[in-house]
Amino acid sequence: MDRKLRAVKWFFETMSKSDYERPVYGSYKLLHQCNLRCPFCNVWSDPMKPLDTKDVFKVIDRLSESTITVLSLEGGEPLLRKDILDIIKHAHDRSFYLFMTTNGILLDKAPLNEFSKYLDFLHISIDEGHGNLFLLDKLKNYVDQGLKITVQTVVTKNDIQSLREKVEKVNAAGARILIMPAVHFDNTPDFSPDRKIMHDVLVDLKKEYDGVIVTSNAFIKALESHYTCNSFSVSIESNGDVIYPCSVIGKPIGNLLESDLETLLKSEKAEQGRKEMASCRRECLLYLHAETSNFHQVSNLLDYVGETIRGYFFR
């Protein structure tokens with residue numbers, strides 16, 4: 001299905017308030033292996049054997065048969081896979097809005113010209129926790145190769161005051177920046193920033209750098225107000241398991257090598273997950289779910305889409 005038609009289908013199913021929420025965003029961890037050891041991340045410390053290329057293709061095919069419209073290829077570090085370009089090409093041919101998230105350490109050895117043909121966006125995670133701030137000075141090189149670059153920055157309680165410098169460098173390079181708070185997972189130290197301070201800093205930066213900051217106004221507002229997540233996103237593990245309804249309280253509801261996503265989402269496990277999400281009061285602000293949860297309001301969705309278009313095409 002054409003990705004525009006898939007997006008329209010998801011929109012009307014969502015607005016019609018059908019039997020349950022169909023996900024629009026898929027986060028696929030291609031592997032858990034990583035060349036960094038970030039203290040706020042719980043992926044690299046959880047060993048899991050990745051699928052071979054053929055089975056990765058099967059997972060992507062199953063996702064393409066669903067309402068998933070935006071697909072993020074993640075890790076661990078996806079550039080550690082020798083078949084990453086083949087995976088990107090396969091996903092591109094399945095008509096997603098496609099991006100890949102990398103820590104950027106291996107980018108200089110990657111086929112960036114090829115990536116630019118198939119990826120809609122390349123996300124680079126750059127922050128103090130990754131120890132790769134030097135990449136901020138190389139962003140212009142990546143932009144000049146035809147890639148739409150978004151820097152992903154995780155903000156901890158120790159580095160919130162350094163945000164402005166990052167935004168300035170990203171803006172100068174012609175890229176954009178996604179700013180999100182560190183999330184306190186059960187098996188990681190608590191690096192969460194003060195929400196009120198982060199809210200005020202982001203409000204000021206958003207006014208000054210319109211179109212540069214990806215983080216939406218609705219997400220920023222949630223930093224100092226209460227909210228409830230919706231299951232508009234789904235996480236896929238490197239073995240093909242679907243973690244639902246989110247990455248924090250979610251559990252495996254099945255495997256995409258064995259079943260299609262729609263069937264899994266209609267299961268009793270999925271229904272129980274949605275009930276748990278509806279009653280969850282953690283308000284952990286895990287970006288993947290907290291941001292897409294705002295899409296149930298048309299004004300928030302249009303605002304997000306409009307900012308994306310302005311940020312990449314009219315700056």
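Q: Which residues of strand 7 are buried on one side, and which on the other?
A: In this predicted model, strand 7 spans residues 233-236 and both of its faces are covered. On one side the buried residues are Ser233 and Ser235, and on the other they are Val234 and Ile236.

Q: Is the pairing of strand 1 with strand 7 parallel or antiparallel, and which residue of strand 7 is the bridge partner of Gly26?
A: Strand 1 covers residues 25-29 and pairs with strand 7 over 4 bridges. The sense of this pairing is parallel. Within strand 7, the bridge partner of Gly26 is Val234.

Q: Which residue in strand 8 stands opposite Ile236?
A: Strand 8, residues 241-244, runs antiparallel to strand 7, and 2 bridges join them. Opposite Ile236 in strand 8 stands Val242.

Q: What is the phi of Gly240 in the turn between strand 7 and strand 8?
A: These two strands form a hairpin, with 4 residues between them. Gly240 is in the turn, and its phi is positive, at about 95°.

Q: Where is the cis peptide bond that involves Pro245, and what is its omega?
A: Pro245 belongs to the loop between strand 8 and strand 9 (251-255). The cis bond joins Tyr244 to Pro245, with omega about 10°.

Q: Which residue precedes Gly76 across a cis peptide bond?
A: Gly76 is in the loop that lies between strand 2 (70-74) and helix 3 (84-93). The bond leading to Gly76 is cis, with omega near 20°, and comes from Gly75.

Q: Is Glu283 buried or exposed?
A: Glu283 sits in the loop between helix 10 (268-279) and helix 11 (287-292). Its phi is positive, about 45°, although Glu283 is not a glycine. Most residues other than glycine have a negative phi. The relative accessible area of Glu283 is 15%, and the cut-off is under 20%, so Glu283 is buried.

Q: What is the relative accessibility of Leu285?
A: Leu285 also lies in the loop between helix 10 and helix 11. Leu285 has a positive phi of about 60° without being a glycine. Leu285 counts as buried, with a relative accessibility of 2%.

Q: Why is the pair of Phe11 and Phe12 edge-to-face?
A: The count of aromatic pairs is 5. The ring centres of Phe11 and Phe12 are 5.5 Å apart and their planes are at 80°. Planes over 60 degrees apart meet the cut-off, so this pair is edge-to-face.

Q: Which ring does the charged end of Arg6 sit over?
A: The charged end of Arg6 is 5.1 Å from the centre of the ring. That ring belongs to Phe96.

Conventions
Residues are numbered from 1 along each chain as its sequence is written. This is a predicted model: local features need pLDDT of at least 70, side-chain atom pairs count only at pLDDT 80 or more; totals for chains, interfaces and linings use all residues. Side-chain values use heavy atoms; hydrogens and water are left out. Rings of Phe, Tyr and Trp (its six-membered ring) pair if their centres lie within 6.5 Å; planes under 30 degrees apart count as stacked, over 60 as edge-to-face and the rest as tilted. A charge sits over a ring if NZ of Lys or CZ of Arg is within 6 Å of the ring centre and within 35 degrees of the ring normal. Buried means under 20% relative accessible area, exposed over 50%, partly exposed in between (1.4 Å probe, protein chains only). Two strands pair if DSSP finds at least two bridges between them.
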